[in-house]
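Ready for some practice at reading a protein model? Work through each exercise by eye, then check yourself against the solution below it.

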Amino acid sequence: MSSPVTGLVARLPAPDRLRALFPGFAVSALVAATAQFLSDHYGAPAMLLALLLGLALNFLAEDGTRTAAGISVTARSVLRLGVALLGARISVDMLAELGGPAIALVVAGVVLTIGFALLATRFVGRGWRFALLTGGSVAICGASAAMAIAAVLPKHEKSERDLVFTVLSVTVLSTVAMVVYPMLANLFAFDARDSGVFLGGTIHDVAQVVGAGFSIIGPETGETATLVKLIRVSMLAPVVLCFSLTIRQMGLSGPGTGKRPPLLPGFVLGFLVLAALNSLGVIPQFLADWAGALSRWALLIAIAAVGIKTSLAKMLEVGPAAVGLLVAETVFLGVFVVTGLHFLG
């Protein structure tokens with residue numbers, strides 16, 4: 001939701017608008033760079049650190065500050081750029097490498113986890129928006145999915161709080177899974193390929209999947225885990241598009257909004273175009289790698305801005321039931337993938 005300051009900035013001429021937005025963007029970028037530095041030196045997830053550092057700087061997003069407008073725009077526009085650039089890492093060849101049964105298992109895990117979230121929210125007093133936000137982030141790719149899904153959900157007074165809570169929770173759960181799940185793979189006596197499918201199909205964030213996969217001896221597990229995870233990431237565009245279409249067709253935007261959600265959000269279109277170009281071999285590998293790195297930085301800067309915009313006191317209002325919901329979704333996805341691997345043999 002835009003503030004009066006953001007609305008005023010939007011009416012400025014382009015050069016003046018950029019100057020007005022720069023302080024907020026610069027603060028967000030500085031927080032992201034600090035988070036990455038701390039992550040490199042102490043091993044904690046950069047996304048988590050960016051979010052926590054941002055929460056401590058909430059006063060910079062208050063109306064009347066020079067940084068408020070830039071932070072608001074960064075949280076929205078830079079986020080969408082980051083999600084769109086993820087498409088450059090996706091290709092049809094990845095699907096062929098994994099095989100039909102494993103792909104079906106991954107896709108079913110995504111769909112059923114979101115369905116489970118919609119069902120489970122009824123028992124914890126949460127609405128369908130919260131179900132789609134948390135279920136989609138657990139099912140697909142953690143913080144990135146949460147931010148992409150939040151961009152197409154109808155806004156309400158607690159939208160920012162729910163987004164920050166979801167990003168924080170899935171990042172913490174993903175970090176725990178990075179440590180625990182390789183031990184579970186050994187306990188279940190999975191071979192290298194099945195271990196890779198298990199880790200890539202259940203851990204929320206890409207970085208933690210890579211860390212968990214390559215912690216098991218031999219490169220095959222890490223490579224398979226990364227591949228499976230990127231296939232889950234490829235589900236982001238169709239899932240977000242499906243959510244957007246459903247909200248549009250069922251008139252769930254809420255009263256008084258004055259407009260319907262876009263049929264195809266621009267960042268989803270960008271994701272699909274880049275994925276198609278990469279599948280056709282048009283994007284060179286070095287350019288795909290560059291786009292992936294830029295995407296990661298854009299998402300890191302955006303999550304820092306989202307953290308700055310959010311009051312920690314308001315986020316704590318979410319309550320333990322919401323935490324239990326995210327844990328339940330995570331457990332559901334893990335049990336489903338392990339069961340599927342058992343039946344696939």
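**Exercise 1.** At roughly what angle do the axes of helix α12 (residues 219–234) and helix α13 (residues 236–249) cross?

*Solution.* Before starting, keep in mind that this is a predicted model.
- Step 1: find the two helices and follow their axes, which come within 4 Å of each other.
- Step 2: take the crossing angle, which is roughly 25 degrees.
- Step 3: angles under 35 degrees count as roughly parallel, so α12 is roughly parallel to α13.
- Step 4: look at who meets whom. Arg232, Val233 and Ser234 from α12 meet Leu236, Ala237 and Pro238 from α13.

**Exercise 2.** Take stock of the whole chain: how many helices and how many strands does it have?

*Solution.*
- Step 1: count the secondary structure, and you get 17 helices and zero strands.
- Step 2: check how much is tucked away. Of the 345 residues in the chain, 51% are buried.
- Step 3: now look at contacts between residues at least 6 apart in sequence. Among these, 78% join residues at least 24 apart.
- Step 4: try one helix as a sample. Helix α3 (residues 46–56) is mostly covered, with eight of its 11 residues buried. Among those buried residues are Met47, Leu48, Leu49 and Leu55.

**Exercise 3.** Start with the aromatic rings: how many aromatic pairs does the structure hold?

*Solution.*
- Step 1: the tally is six aromatic pairs.
- Step 2: pick out Phe130 and Phe165, whose ring centres are 6.1 Å apart with 25 degrees between the planes. Planes under 30 degrees apart count as stacked, so this pair is a stacked one.
- Step 3: place the two rings on the chain. Phe130 belongs to helix α7 (residues 128–139) and Phe165 to helix α9 (residues 159–187), so the pair, 35 residues apart, links distant parts of the chain.
- Step 4: both Phe130 and Phe165 are buried.
- Step 5: look for a charge by the ring. The charged end of Arg126 sits over the ring of Phe130, 5.3 Å from its centre.
- Step 6: elsewhere, spot the aromatic cluster formed by Tyr181, Phe188, Phe190 and Phe198.

**Exercise 4.** Stay with helix α9: which residues does Thr166 touch, not counting those up to four places away in sequence?

*Solution.*
- Step 1: locate Thr166 in helix α9.
- Step 2: check its cover. Thr166 counts as buried because its relative accessibility is 0%.
- Step 3: list the partners: Phe130, Leu133, Thr134, Ser137, Ala146 and Leu326.
- Step 4: compare with Ser159, which also has its place in helix α9. Ser159 counts as buried because its relative accessibility is 16%, and the cut-off is under 20%.
- Step 5: the C-alpha atoms of Ser159 and Phe130 are separated by 8.9 Å, with their positions 29 residues apart along the chain.

**Exercise 5.** Is Ala189 buried or exposed?

*Solution.*
- Step 1: find Ala189 in the loop between α9 and α10 (192–202).
- Step 2: its relative accessible area is 64%, so Ala189 is exposed.
- Step 3: check the backbone. Phi of Ala189 is near 60 degrees, a positive value in a residue other than glycine.

**Exercise 6.** Now a loop residue with plenty to list: where does His204 lie?

*Solution.*
- Step 1: His204 is in the loop between α10 and α11 (206–213).
- Step 2: a relative accessible area of 1% is why His204 is buried.
- Step 3: leaving aside neighbours within four places in sequence, its contacts include Val138, Cys141, Val170, Lys229, Arg232 and Thr330.
- Step 4: follow up on Cys141, which counts as buried because its relative accessibility is 3%. Cys242, by contrast, is partly exposed, given its relative accessible area of 43%.
- Step 5: look for disulfides, and the count is zero.

**Exercise 7.** Which residues does Met147 touch, not counting residues up to four places away in sequence?

*Solution.*
- Step 1: place Met147 in helix α8 (residues 143–150).
- Step 2: Met147 counts as buried because its relative accessibility is 0%.
- Step 3: the partners are Leu79, Leu163, Val167, Leu299 and Ile303.
- Step 4: add a distance. Met147 and Val306 are 159 residues apart in sequence, and 9.3 Å apart in space from C-alpha to C-alpha.

Conventions
Residues numbered from 1 in each chain as written. Predicted model: local features only at pLDDT ≥ 70, side-chain atom pairs only at ≥ 80, totals over all residues. Heavy atoms only, no water. Phe/Tyr/Trp six-rings, centres within 6.5 Å; stacked < 30°, edge-to-face > 60°. Buried < 20%, exposed > 50% of the residue type's maximum accessible area, 1.4 Å probe, protein only. Lys NZ or Arg CZ within 6 Å of the ring centre and 35° of its normal. Contact = heavy atoms within 4.5 Å. Disulfide = S-S within 2.5 Å. Axes fitted to C-alpha atoms, helices over the stretch in contact; angles between N-to-C directions. Parallel < 35°, antiparallel > 145°, perpendicular 65-115°, else oblique.
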